[in-house]
Amino acid sequence: MSSFELFTDGACSGNPGPGGWAFVLRGPGIAGDMEVSGGDPETTNNRMELLAVIRGLEAVPGQSAVRVVSDSEYVVKGLREWLDGWKARGWRTAAKKPVKNEDLWRQLDALRATHRLAPEWIRGHNEHPENTRCDALAVAAIERMRRGRG
């Protein structure tokens, strides 16, 4: 099983508002770092954080071990602590409310079935080079959205 490192970040200008996501992927068969970003004209920060991880995992070939590094406690806690419980309760929280962003969590859950994930939280905006790069890419994606070049 191949091993990869996936660094992700999401950003939003207003919440909701125009948003951007980005990932940096590193591993076998990738020359240097793969950097990809995108955006949405009307979204939330949490959706962008989730989409960054989803798009990054979609870029990982085959079945692989993936260290997922994110500054989003929502994403990391979701993967480590909440996701299995939500599924067991029919996509309801412990308070019996519908899970927010269920569509994206379902996509992430499907990818989790393919890859062995090791989610890791890091403090954002704390001079972590890959997090800083992902943040810059996500913010640039927002600017592209504002200029109409998605």
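**Exercises on a five-stranded sheet and its helices**

E1 and strand E4 (residues 64-70) run parallel and are joined by seven bridges. The model is predicted: local features need pLDDT of at least 70, side-chain atom pairs count only at pLDDT 80 or more, and totals for chains, interfaces and linings use all residues. Residues are numbered from 1 along each chain as its sequence is written, and side-chain values use heavy atoms, leaving out hydrogens and water.

**Exercise 1.** Give the strand order of the open sheet and find which strands stand at the edges.

*Solution.* Step 1: the order of the five strands is E3-E2-E1-E4-E5, with mixed pairing; two strands pair if DSSP finds at least two bridges between them. Step 2: strands E3 (34-43) and E5 (116-121) each have a single partner strand, so one side of each lacks a neighbour in the sheet.
Strands (E, at least two residues) and helices (H or I, at least four) are DSSP runs, numbered from the N terminus.

**Exercise 2.** Determine whether Asp9 is buried or exposed, and state its distance to the nearest side chain of opposite charge.

*Solution.* Step 1: Asp9 is found in strand E1 (residues 2-12). Step 2: Asp9 is buried, meaning under 20% relative accessible area (exposed is over 50%, partly exposed in between; 1.4 Å probe, protein chains only). Step 3: Arg133, the nearest side chain of opposite charge, is 11 Å away; Lys and Arg count as positive, Asp and Glu as negative, with His and the chain ends not counted. Step 4: Asp9 has no salt bridge, defined as a side-chain nitrogen of Lys or Arg within 4 Å of a carboxyl oxygen of Asp or Glu.
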